Amino acid sequence: MKARVTVTLKSGILDPQGKAIEGALKSLGVDGIASVRQGKVFDIELAGADRAKAEAALKDAADKLLANTVIENYAIDMKP
Amino acid sequence: MKSAVLVFPGINRERDMARALKLISGHEPAMVWHADTVLPAGTDLVVVPGGFSYGDYLRCGAIAARAPVMDAVRDHAAKGGLVLGVCNGFQILCEAGLLPGVLMRNARLKFICKDVHLRVERSDSPFTRGYNAGQVIRVPVAHGEGNYEADEETLKRLEGEGRVLYRYCSPDGAVDEAGNINGAAHSIAGIVNENGNVLGMMPHPENHVEDIMGCTDGRGLFAGLMMHLDQAA
């Protein structure tokens, strides 16, 4: 079983890296980009076959380490 | 003062810290490995030094904050023991939940390595006893992620409870945008926890303790801790 955990900055948190990327895209002449926010993606392979257990483990992982919930949100996406 | 300096993979300021502690307190600090689960008996002060633990992987301090030794640090702090986190150590203490808030990328994205001025906000904390309130000290910083941020409510509490001990300022002590090197909320350079026994700060007081360093303004922090411990004894 595989899953993807996506960690993003909460809205309202300043993201200087996203801003710098946004600026670079503009200077490259890439049109139509309003704003950029940078996040992280974790592709995780799960050991067992129990989906509920896997989801619980991923939530535990995100809460304990993958995200700093003071400034970040996370989303867990179980792969079929 | 019996001190313990934590050592994580990727930390690089632990020897500077140990040298400063030895110089000022006269006692050689214990170097405590991150996988250890206990601190040496009788430890007064635990120092989480600066550097780049785990190469700043994931988030600065995130992995070190989950190291086995941090449970012992948590117990030490809960019993009122002194904890000082400098630079990466501040980031680690925030990630470990011992201090509120988070250290974000410097507002202007640059790694900043230079001397800065700090205003000491109060002199009645164990971490500032060696200074006068309002005194301006000069100490070095070396960080890319020292921009302290917290939600409005937390900032209000920190201010209301007098928990901001050090603020970035101009050489004359003015707390303004020009002096705020990394864009930190309220120009915060150092804060303490609710009980006042855990300090996190981005600047490196341990690097301004000897004449040969060109400045000895950092000594007051360590001298103040010793005064505090002497009084408590």
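Here is a short conversation about this two-chain predicted model.

Trainee: What should I know about the model and its numbering?
Mentor: Residues are numbered from 1 along each chain as its sequence is written, and chains are lettered from A and ligands numbered from 1 in the order in which they are written. The model is predicted: local features need pLDDT of at least 70, side-chain atom pairs count only at pLDDT 80 or more, and totals for chains, interfaces and linings use all residues.

Trainee: What is the mean pLDDT of chain B?
Mentor: pLDDT is the predictor's confidence in each residue, from 0 to 100. In chain B, 100% of the residues reach 70 or more, and the mean is 97.

Trainee: Which strands stand at the edges of the sheet in chain B?
Mentor: Helices (H or I, at least four residues) and strands (E, at least two) are DSSP runs, numbered from the N terminus, and two strands pair if DSSP finds at least two bridges between them. Nine strands make an open sheet with mixed pairing, in the order β2-β1-β3-β4-β11-β10-β9-β6-β7 (chain B). Two of them have a single partner strand each, so one side of each is left without a neighbour in the sheet: β2 and β7 (136–143) of chain B.

Trainee: In β9(B), which residue is the bridge partner of Arg119(B)?
Mentor: Strands β6 (residues 112–120) and β9 (residues 164–169) of chain B run antiparallel and are joined by four bridges. Within β9(B), Arg119(B) has as its bridge partner Arg167(B).

Trainee: Why are the buried residues of α2(B) on the same side?
Mentor: A residue is buried if 20 or more other C-beta atoms lie within 10 Å of its own, exposed if 12 or fewer, and partly exposed in between, with C-beta atoms placed from the backbone. In helix α2 (residues 69–78) of chain B, the buried ones are Val69(B), Met70(B), Val73(B), His76(B) and Ala77(B). They share a side of α2(B) because the arc they cover around the axis, taken from the directions from the helix axis to the C-beta atoms, is only 110 degrees.

Trainee: And which residues are exposed on the other side of α2(B)?
Mentor: What covers the buried residues includes β1 (3–7), β2 (30–33), β3 (45–48), β4 (82–86) and β11 (198–201) of chain B. On the other side, the exposed residues are Asp75(B) and Ala78(B).

Trainee: How many residues of chain A are in contact with chain B?
Mentor: Two residues are in contact if their C-beta atoms, placed from the backbone, lie within 7 Å. On the chain B side there are 10 residues, and in chain A the number is eight.
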